[in-house]
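User: I have a structure open and would like to go through some local contacts with you. Could we begin with one side chain?

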Number of protein chains: 2
Amino acid sequence: MSQIRSGRGSRSSYNRLLARLARVYNLRAVSSLLHYDAETFMPRAGISLRGEQSGQLMAEAHKLFASPRTRKLIDHAKAELVGTDSDSDAAHIVRLCELDYEEATRLPAKFVALQAKTRSLAKPAWATARAQNAFDVFQPHLEQLFAQAKRNADYVGYTDHPYDALLQRFERGTSTEQLRSLLSSLKDRLVPLIQRVKEQAAVDDSCLQQEFPVDKQEVFCQELVRGLGLSADRSRLDRSVHPFTSGISSPYDVRLTTRYMPERIRGSILATIHEAGHALFELGKNPEHARTPMIGMPSMGLHESQSRLWENHVGRSLEFWTHWYPRLQELFPQQLQNVSLQTFHRAFTKVSPSLIRVEADELMYNLHIILRFELEVALVEGTLKFADLPQAWNERFEQLFGVIPDTHAVGVLQDIHWAMGHIGYFPTYTLGNLMAAQIWEAALKQLPSLPQQITEGRYGDLNEWLRVNIHQHGRKYTTTELITRITGGPLSTDAFVRHLENRYLNA
Amino acid sequence: MSQIRSGRGSRSSYNRLLARLARVYNLRAVSSLLHYDAETFMPRAGISLRGEQSGQLMAEAHKLFASPRTRKLIDHAKAELVGTDSDSDAAHIVRLCELDYEEATRLPAKFVALQAKTRSLAKPAWATARAQNAFDVFQPHLEQLFAQAKRNADYVGYTDHPYDALLQRFERGTSTEQLRSLLSSLKDRLVPLIQRVKEQAAVDDSCLQQEFPVDKQEVFCQELVRGLGLSADRSRLDRSVHPFTSGISSPYDVRLTTRYMPERIRGSILATIHEAGHALFELGKNPEHARTPMIGMPSMGLHESQSRLWENHVGRSLEFWTHWYPRLQELFPQQLQNVSLQTFHRAFTKVSPSLIRVEADELMYNLHIILRFELEVALVEGTLKFADLPQAWNERFEQLFGVIPDTHAVGVLQDIHWAMGHIGYFPTYTLGNLMAAQIWEAALKQLPSLPQQITEGRYGDLNEWLRVNIHQHGRKYTTTELITRITGGPLSTDAFVRHLENRYLNA
């Protein structure tokens, strides 16, 4: 951990602040472990006490961090740093710490408790509504969640649009206006592209429509994550119902999970590569930043860019499968011995409209996000009534995909995000896709032999490039700063659309 | 959790005490999970921050519990309980809480910190000493550890012998004098018994001297723990270097571990059954006692009695293998298909002297404990010099087993206990063996069809009997009270010696 000399000996306010932060981050690490354990190994009945255990630790971490004592240490540390290098780690740590402190103390405690209560009631209501295909069961909760989101925006403050304030939680520095222009440009380019792809000959993916025993899928995915560069000393892959990555004690202890379904091997492999991308970000962080605000990420979108880079640009490429397909055939001779690499790869990258976001392919995926973004903004603005949401969903879905969901369960009720109070979160997925494509082009430019290396199963140069250019900085730069440093310009849809055209339009 | 009515409404001091205890026990549960995770799943590098995470939580739990506020709540709760049933759960909870509070606050904080430091230095010194077979590397640490143990005894107080005070940490209510008489009686009966067994024809255990692949050992042990009655909803079996059981959130979430070695299937199976016995104790506790002092155990010896009952009386019996051996043969046809049940069972229960305590069979095991007990007491009394300990070890070892250890690594340096400051712990293993035999006789008397049930793989009656008579009480009764309630008399060596004679002397 970075320490600075102080006129008053080694226990400067800055060092005292670091010690306090270490205690806060210890509690957060333990909370992450409790969550990870609950999703992977915990016997079912453990849940009866786990909620309180987690709640107590999170409350303790918040109390410790959001106390006036922290504010005082920040102020004293700032004073100590006057005249020192403003680009030092210490300077960045104190700056980010102050940002976090302001965020942590901006909302009144009563409102935070109210939000927590609303969310804890909304989650089961959403599950019931989805199971019963009954939107009205969820509607009153949704109204409360959005009302609280607007109050939240008022506390945070904004100039142009309340949605701006909501975005800050997930994508600091991005505005509604920027997003609108980026996403509408993307929609304008995606819709005709998808049309052209549809007019091409249909892809036969029957080789993937077979049963692949999960134990062997797991063998493959375990080898895969090690092959991609996840060190066994510092990471592990487990199973859970929903795949996730947890930087428990980044960069020393990073855990990722995936799921295996016999009839969906593509989904299992892509989820594993996706989470491996997240995990490589956590593993690439600077150990000296452990337990300081520097260890975080500039935004959700940037973290997502790392998972999407590996998933879309590496994992769906022919080069990738040139190396890995023989091993997959070896594990599944009955299913794949008579399937050529080309046939397998075409099947693996087959595009087809899906009602469900998490099952969408990389061509269609962002339309799902655009739909949600437009509806979220309309709900925040009040231009769409909550009672009209299901109909609005279905109408827009038909415009974008040409079909209407049979049920709300596979329509407006499919995602848990709103029930968790995550309003303003969905766009980060698309930002991740766009950033991934732009970063990938920059990497290719500097490492022209990357495609060749990937056909050989070598990822060392790519990992090192990502570590040096992105991972090691943690939260030092904003997303915009980082994207500009790496790619030479602001984020646009160009690289992503080029990537899709290259992959999905026949020559 | 048990609550009582209070004249001042529902927030009586007793209820406030319960709420405080719940927070303390939440922190302890999380600490247990951190330990379990570190021993099972944690990537190696996770250790760099895990120590501090655990330390912080343990310190927090201690601070919360040992604060004057707890003392005040205990006093007020006691006052509230005056005139109520002195045998109620509430009365026992407050009584045990006061006992724990006194124990937690008896030692000055400075001395506790000094002890912790001494132990943290002693552990690596012990490991080095063992690796280099150099007792003198460990000797200064051992002297410090024993000196602190004596200071500890002074703080705790005692009338007859400082070792009495040390025993209280692990085996409340047992005195050095009682132990001396019990163990010397045991030695007097064991030595000639072992002599008689030695004179019998040697047992051929070549069927166990084969390689048994660990994956199939694991399949067997996983089925075994479920078969013994460990619910999958509330428990799980994992692998670790040293087998252990952790009641993370007893009785809702109990984890046990074992280890598998291809050339030692007997050890793997016995360790699994042993830990299953500990786990069944945790699972049998009363859910209403969760997060109160009632959820604990009266003593280490009593907990050990449950693991030994399953290991010695169930797992080593011919009845047990009548049911399980066909499954083992099915998993290991190559190794076992031509080995009869009787041949296998004789091999499985073969006795032979071992230098190492943890590898000893049930006939020899307690001699290892008697040796350690006698040396510990002599060191505490000062009648044995530390520099003379290795020689004293070897001399007594030769008297008891007829051989001298080749090295100190497999002699006086084999156990980690002293390095951890566990002085007065070893006797609890033998107490566990004695109690197990006496409890087993009582169970057999009340459930005469037990042997028949065990040949059929049915353990429901046994589990229910143990739950009702032992597990559900948690820490309500002392070990002596419990043994007398169940077996009708005080602990003696009779049942255990009868058991050994029945099993190991040919008819």
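User: Which residues does Gln217(B) touch, not counting those up to four places away in sequence?

Analyst: Gln217(B) touches Phe212(B), Tyr260(B), Met261(B), Pro262(B), Ile265(B), Ser268(B) and Phe332(B) on that count, contact meaning heavy atoms within 4.5 Å. This is a predicted model, where local features need pLDDT of at least 70, side-chain atom pairs count only at pLDDT 80 or more, and totals for chains, interfaces and linings use all residues. Side-chain values use heavy atoms, leaving out hydrogens and water; residues are numbered from 1 along each chain as its sequence is written, with chains lettered from A and ligands numbered from 1 in the order in which they are written.

User: Is Gln217(B) buried or exposed?

Analyst: Gln217(B) is buried, at a relative accessible area of 1% (buried is under 20%, exposed over 50%, partly exposed in between, with a 1.4 Å probe and protein chains only).

User: And what does its side chain reach at 3.1 Å?

Analyst: The side chain of Gln217(B) reaches the backbone oxygen of Met261(B).

User: Changing topic, how are the two chains related?

Analyst: Chain B is superposed on chain A by a rotation of 180° with 0.0 Å of shift along its axis, at an RMSD of 0.0 Å; the fit is by least squares on the C-alpha atoms of residues with pLDDT of at least 70 in both copies. The two copies are thus related as by a two-fold rotation axis.

User: Which C-alpha of chain B is nearest the axis?

Analyst: That of Val30(B), 4.0 Å from the axis.

How values were computed
A polar contact is a pair of N or O atoms within 3.5 Å; within protein, one must be able to donate a hydrogen and the other to accept it, and residues adjacent in sequence count only if both atoms are side-chain atoms.
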